[in-house]
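User: I should like to understand how the terms used for a protein model are justified. Please show me the structure, and I shall ask about it.

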Amino acid sequence: MSDKLKLGIPKGSLQKSTIELFRRSGWKINVNGRSYFPDVNDPYMECTLCRAQEMSVYVENGTLDAGLTGKDWIAENNSDIYVVSDLVYSKVSARPARWVVAVASDSGIKTIQDLSGKKVATELVGYTRRYFADKNIDVNIEYSWGATEAKVVSGLADAIVEITETESTIRAHGLKVIHEMMQTNTQLIANHDAWKDPEKKKKIEQVALLLKGALAAEKLVGLKMNAPEEKLDSIVSLLPSLNAPTIAKLYHSQWYSVETVVSSDTVRDMIPVLLENGAEGIIEYPLNKVI
């Protein structure tokens, strides 16, 4: 590549999980103290730490060629960028987060229509204004600088619009969810001009491919075992796989080596059954990428 790919890494809550995802994908990103320019073991890439809230702005204006940020902040900034890939991961779980409208548990407000003339606090101001305007609900939207859940309890707002994955923090503040506005997840995005550049596009596609492979591998494990010839068919019949298990005859033996990839959620129940059906020497191992 004639120019390095300028890649934005989200600073803050997603930083640790993003850097770990890149590590499993083959890129070691080393954050040095307070530097906003981490080292990366790729001569064709340079990284910049950037708040997820601002990422799409810098990708849109070309300061960055590509970056990772939430679908929510792209919508908030109304950014004109190219979405390369959805990457469903977060700081807490591997599922999309939700922006919800919440009110006090004992509030008489039951629907978002009941918020007409009321005050709503949120960090997602632009999107929230457009959302309520599209539904012809006249609300007063105020920016929240933090501790948004406490705004209703302290009487500073009638409702909040806040992001949640488990609703545990919302419930802990004595609030209840009355409406879901949007689901959001991390997206790999690109500047339109960078995407039109053949070399940069190829590099961005490489990043997308390996990140998705690493995410797919999170839910899978490799399973390897030995099976006697007379019980091979029954053991293989117990094994799910991406295509079919890999089977190899052991040297000068009536035994076979069987290897497959299975869901990490099912392997704990599968191993005892495999043992009962004659499998031996079972090995479970983690996967970095599945492509």
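Analyst: Five strands, in the order β4-β1-β5-β12-β6, form an open sheet with mixed pairing. The model is a predicted one, in which local features need pLDDT of at least 70, side-chain atom pairs count only at pLDDT 80 or more, and totals for chains, interfaces and linings use all residues. Residues are numbered from 1 along each chain as its sequence is written, and side-chain values use heavy atoms, with hydrogens and water left out.

User: Why are β4 and β6 said to stand at the edges of the sheet?

Analyst: β4 (45-51) and β6 (82-87) each have a single partner strand, so one side of each lacks a neighbour in the sheet. Neighbouring strands of this sheet are turned against each other by 30° on average, direction ignored.

User: What makes β6 and strand β12 a pair?

Analyst: Strands (E, at least two residues) and helices (H or I, at least four) are DSSP runs, numbered from the N terminus. Two strands pair if DSSP finds at least two bridges between them. β6 and β12 (residues 186-190) are joined by 5 bridges and run antiparallel, so the requirement of at least two bridges is met. Leu 87 stands opposite Thr 186 in β12.

User: Which strands pair with β13?

Analyst: Strand β15 (residues 255-263) pairs with β13 in the antiparallel sense over 9 bridges, and strand β16 (residues 280-286) does so, also antiparallel, over 5 bridges. Val 221 stands opposite Val 262 in β15, while its bridge partner in β16 is Pro 286.

User: Why is Ser 25 called buried?

Analyst: Buried means under 20% relative accessible area, exposed means over 50%, and partly exposed lies in between (1.4 Å probe, protein chains only). Ser 25, in helix α1, has a relative accessible area of 3%, and is therefore buried by the limit of under 20%. Strand β13 (residues 220-228) is mostly covered, with 7 of its 9 residues buried.

User: What makes the approach of the Ser 25 side chain to Leu 21 a polar contact?

Analyst: A polar contact is a pair of N or O atoms within 3.5 Å; within protein, one must be able to donate a hydrogen and the other to accept it, and residues adjacent in sequence count only if both atoms are side-chain atoms. The side chain of Ser 25 reaches the backbone oxygen of Leu 21 at 2.8 Å, so the distance satisfies the limit of 3.5 Å.

User: Which residues is Ser 25 in contact with, leaving aside its neighbours within four places in sequence?

Analyst: Contact means heavy atoms within 4.5 Å. Ser 25 is in contact with Leu 210, Leu 211, Ala 214 and Lys 289.

Key:
Axes fitted to C-alpha atoms, helices over the stretch in contact; angles between N-to-C directions.
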